[in-house]
Amino acid sequence: NKACEVSTARLEEGKFKCTLCDKLFKGPEFVSKHIWKAHADALHSIYEQANQEAACDAYTADPCKPDISCLPLPCSEPAPRG
(Lines give C-alpha, C1' and ligand atoms only; values in the text may rest on other atoms or scores of the structure.)
Protein backbone atom coordinates (compact mmCIF):
# COMPACT_ATOMS: atom_id res chain seq x y z
CA ASN A 1 0.00 0.00 0.00
CA LYS A 2 0.96 3.65 -0.33
CA ALA A 3 1.91 4.15 3.34
CA CYS A 4 4.37 1.26 3.17
CA GLU A 5 5.80 2.49 -0.13
CA VAL A 6 6.43 5.93 1.34
CA SER A 7 8.17 4.39 4.36
CA THR A 8 10.47 2.19 2.24
CA ALA A 9 13.78 3.43 0.89
CA ARG A 10 15.85 1.54 -1.70
CA LEU A 11 19.50 1.89 -0.83
CA GLU A 12 20.94 -0.33 -3.56
CA GLU A 13 20.11 -3.54 -5.40
CA GLY A 14 18.69 -5.99 -2.85
CA LYS A 15 18.95 -3.57 0.07
CA PHE A 16 15.93 -1.70 1.41
CA LYS A 17 15.35 0.32 4.58
CA CYS A 18 12.37 1.10 6.78
CA THR A 19 12.42 4.90 7.07
CA LEU A 20 10.50 4.74 10.35
CA CYS A 21 13.29 2.93 12.23
CA ASP A 22 16.19 2.46 9.74
CA LYS A 23 16.04 -1.36 9.89
CA LEU A 24 17.45 -3.01 6.73
CA PHE A 25 15.78 -5.68 4.55
CA LYS A 26 16.47 -7.66 1.38
CA GLY A 27 13.26 -6.64 -0.39
CA PRO A 28 10.41 -4.11 -0.24
CA GLU A 29 7.89 -6.84 0.61
CA PHE A 30 9.84 -7.55 3.82
CA VAL A 31 9.80 -3.85 4.72
CA SER A 32 6.05 -3.77 4.16
CA LYS A 33 5.52 -6.79 6.39
CA HIS A 34 7.77 -5.23 9.04
CA ILE A 35 5.86 -1.93 8.94
CA TRP A 36 2.53 -3.72 9.39
CA LYS A 37 3.88 -5.63 12.39
CA ALA A 38 6.19 -3.13 14.10
CA HIS A 39 4.70 0.23 13.16
CA ALA A 40 0.95 -0.40 13.18
CA ASP A 41 0.43 2.70 15.31
CA ALA A 42 2.12 4.88 12.67
CA LEU A 43 -0.02 3.31 9.94
CA HIS A 44 -3.15 3.89 11.99
CA SER A 45 -2.43 7.61 12.33
CA ILE A 46 -1.64 7.89 8.60
CA TYR A 47 -4.93 6.20 7.69
CA GLU A 48 -6.85 8.27 10.23
CA GLN A 49 -5.48 11.50 8.77
CA ALA A 50 -6.18 10.35 5.19
CA ASN A 51 -9.76 9.41 6.11
CA GLN A 52 -10.31 12.79 7.79
CA GLU A 53 -8.99 14.62 4.71
CA ALA A 54 -11.16 12.50 2.40
CA ALA A 55 -14.24 13.18 4.53
CA CYS A 56 -13.58 16.93 4.50
CA ASP A 57 -13.02 16.91 0.74
CA ALA A 58 -16.23 14.93 0.17
CA TYR A 59 -18.22 17.31 2.38
CA THR A 60 -16.78 20.39 0.65
CA ALA A 61 -17.59 18.95 -2.79
CA ASP A 62 -21.16 17.93 -1.81
CA PRO A 63 -23.63 20.26 -3.58
CA CYS A 64 -26.39 19.15 -1.17
CA LYS A 65 -24.56 20.01 2.05
CA PRO A 66 -26.53 22.18 4.48
CA ASP A 67 -25.99 25.93 4.43
CA ILE A 68 -24.55 26.74 7.84
CA SER A 69 -23.65 30.37 7.09
CA CYS A 70 -26.72 31.51 9.04
CA LEU A 71 -25.58 29.77 12.25
CA PRO A 72 -23.75 31.83 14.89
CA LEU A 73 -20.03 31.26 15.21
CA PRO A 74 -18.86 29.54 18.40
CA CYS A 75 -17.38 31.85 21.03
CA SER A 76 -13.65 31.65 21.48
CA GLU A 77 -13.96 32.60 25.17
CA PRO A 78 -16.50 31.32 27.67
CA ALA A 79 -19.23 33.77 28.64
CA PRO A 80 -18.50 35.60 31.88
CA ARG A 81 -20.41 34.42 34.92
CA GLY A 82 -21.80 37.01 37.07
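Here is a short walk through the fold, from its overall layout to its core. Keep in mind as you look around that this is a predicted model.

Let's start with the layout. The protein has three helices and three strands, and along the sequence they follow the pattern α-β-β-β-α-α. Of its 82 residues, 17% are buried. The accessible surface comes to about 6,900 Å², and carbon and sulfur atoms account for 58% of that area. If you like contact maps, take the contacts between residues at least 6 apart in sequence: 17% of these join residues at least 24 apart.

Now turn to the strands. S1, covering residues 8-12, pairs with S2 in the antiparallel sense, and four bridges link the two. One place to see this pairing is Thr8, whose bridge partner in S2 is Cys18. Two residues lie between the strands in this hairpin, where Gly14 takes a positive phi near 75 degrees. On we go to S3, residues 24-25, which runs antiparallel to S2 and is joined to it by two bridges. Here Phe16 stands opposite Phe25 of S3. The hairpin of S2 and S3 has five residues between its strands, and in it Asp22 has a positive phi near 70 degrees.

S2 deserves a second look for its side chains. In a regular strand, side chains alternate between the two faces of the sheet. Along S2 you can follow this directly: Phe16 and Cys18 point to one face and are buried, whereas Lys15 and Lys17 point to the other and are not buried.

Where do those buried side chains go? In soluble globular proteins, nonpolar side chains tend to be buried together. The largest nonpolar core in this model has eight residues: Ala3, Cys4, Phe16, Cys18, Phe25, Val31, Ile35 and Leu43. Helix H1 (2-6), strand S2 (15-18) and helix H2 (28-38) are the elements that each give two or more residues to this core.

Phe25 is a good residue to click on next. Setting aside neighbours within four places in sequence, Phe25 is in contact with Gly14, Lys15, Phe16, Cys18, Phe30, Val31 and His34.

The last name there leads us to helix H2, where His34 lies. Is His34 buried or exposed? Its relative accessibility is 12%, under the 20% cut-off, so His34 counts as buried. Beyond its neighbours within four places in sequence, His34 is in contact with Cys18, Cys21, Lys23, Phe25 and His39.

How values were computed. Residues numbered from 1 in each chain as written. Predicted model: local features only at pLDDT ≥ 70, side-chain atom pairs only at ≥ 80, totals over all residues. Heavy atoms only, no water. Core = buried A, V, L, I, M, F, W, Y, C linked by side-chain atoms within 4.5 Å. Buried < 20%, exposed > 50% of the residue type's maximum accessible area, 1.4 Å probe, protein only. Contact = heavy atoms within 4.5 Å. Areas by Shrake-Rupley, 256 points an atom, 1.4 Å probe, with all protein chains shown as cover. Pairing = 2+ DSSP bridges.
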